[in-house]
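I set out to look up the strand pairing, the side-chain links and the backbone outliers of this chain. The entries below follow the order in which I consulted them.

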Amino acid sequence: MQTRDIPIDQWQPFLDSFTRIHQGEHLGIESVGSGKGARTDLSHRPLLGVITVPDCGQGACIEIIAGPEGEPQTRTIQHPSHLSVTEREDGYPMLLQITDDNGAVTLLRLEAPPHSNKPPGNYLG
């Protein structure tokens, strides 16, 4: 596995591509270090989108949207400061890690499909 940082000026195109390719795949989300204890909501739900929002009313944020289209749920990460992706050897992104200004970390894990017809390294375009 390999972890790489995504430069802040690439967050929007990276998350757009990530959403387009992985929309509908099931995910798990965990937040740690927020002072409220670990949160594991939104687990085993289909990904609808991961977006950057320049101003959520209190500055920039990243929103993770999951669930059935008729009943979506959103996890908002206020003031994100770091974004990284951990990929398998074939390039499949297994984990997004989003850190906010306070050091709280949100982990988005994709539940990998058993097989893929995509060539190695072609998951994120």
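**Entry 1: Salt bridges**

I looked up aspartate 90 and found that it is partly exposed, with a relative accessible area of 22%. The model I am reading is a predicted one. I then searched for a partner of aspartate 90 and found arginine 88, with which it forms a salt bridge whose closest N and O atoms are 2.9 Å apart. Arginine 88 is likewise recorded here as partly exposed, at 23% relative accessibility.

I asked how many salt bridges the count comes to. The count comes to 2. Besides the pair just described, I noted a salt bridge between the side chains of glutamate 87 and arginine 4, at 3.2 Å from N to O. This pair links distant parts of the chain, since glutamate 87 belongs to strand E6 (residues 80-87) and arginine 4 to strand E1 (residues 2-5), 83 residues apart. I checked whether each partner is buried or exposed. Glutamate 87 is buried, because its relative accessible area is 11% and the limit for burial is under 20%. Arginine 4, at 32%, is partly exposed.

**Entry 2: The disulfide**

I counted disulfides next and obtained 1. The disulfide joins cysteine 56 to cysteine 61, with an S to S distance of 1.6 Å. I compared the accessibility of its two ends. Cysteine 56 is partly exposed, with a relative accessible area of 25%, whereas cysteine 61 is buried at 2%.

**Entry 3: Strands E3, E4 and E5**

I followed the chain into strand E4 (residues 61-66), which runs antiparallel to strand E3 (residues 45-53) and is joined to it by 6 bridges. As one position in this pairing I recorded threonine 52, which stands opposite isoleucine 62 in E4.

I then turned to strand E5 (residues 73-78), which is also antiparallel to E4, with 6 bridges between them. Here I recorded glutamate 63, whose bridge partner in E5 is threonine 76. E4 and E5 form a hairpin with 6 residues between them. In its turn, glycine 67 has a positive phi of about 115°.

**Entry 4: Histidine 79**

I asked which residue other than glycine has a positive phi near 50°. It is histidine 79. Most residues other than glycine have a negative phi. I located histidine 79 in the loop between E5 and E6, and its relative accessibility of 33% makes it partly exposed.

**Entry 5: Aspartate 100**

I came back to histidine 79 from another direction, through the contacts of aspartate 100. Aspartate 100 lies in strand E7 (residues 93-100). With neighbours within four places in sequence left aside, I found aspartate 100 in contact with Ile77, Gln78, His79, Pro80 and Ser81. Aspartate 100 is buried, because its relative accessibility is 14% and burial requires under 20%.

**Entry 6: Strand E8 and leucine 108**

I examined strand E8 (residues 105-110), in which leucine 108 is found. E8 is mostly covered, with 5 of its 6 residues buried. Which strands pair with E8? I found two entries. Strand E2 (residues 26-32) runs antiparallel to E8 and is joined to it by 6 bridges. E7 is antiparallel to E8 too, through 5 bridges.

For the E2 pairing I noted leucine 27 opposite leucine 110. For the E7 pairing I noted glutamine 97 opposite leucine 107. E7 and E8 form a hairpin with 4 residues between the strands, and there glycine 103 takes a positive phi near 90°.

I then asked what leucine 108 touches, not counting residues up to four places away in sequence. Its contacts are Phe18, Leu27, Gly28, Ile29, Val50, Ile64, Met94, Leu95 and Leu96. Leucine 108 itself is buried, at 2% relative accessibility. Finally, I looked up its separation from serine 43: the two residues are 65 apart in sequence and 9.3 Å apart in space, C-alpha to C-alpha.

Methods. Residues numbered from 1 in each chain as written. Predicted model: local features only at pLDDT ≥ 70, side-chain atom pairs only at ≥ 80, totals over all residues. Heavy atoms only, no water. Disulfide = S-S within 2.5 Å. Buried < 20%, exposed > 50% of the residue type's maximum accessible area, 1.4 Å probe, protein only. Helix = DSSP H or I, 4+ residues; strand = E, 2+ residues; numbered from the N terminus. Contact = heavy atoms within 4.5 Å. Pairing = 2+ DSSP bridges. Salt bridge = Lys/Arg side-chain N within 4 Å of Asp/Glu carboxyl O.
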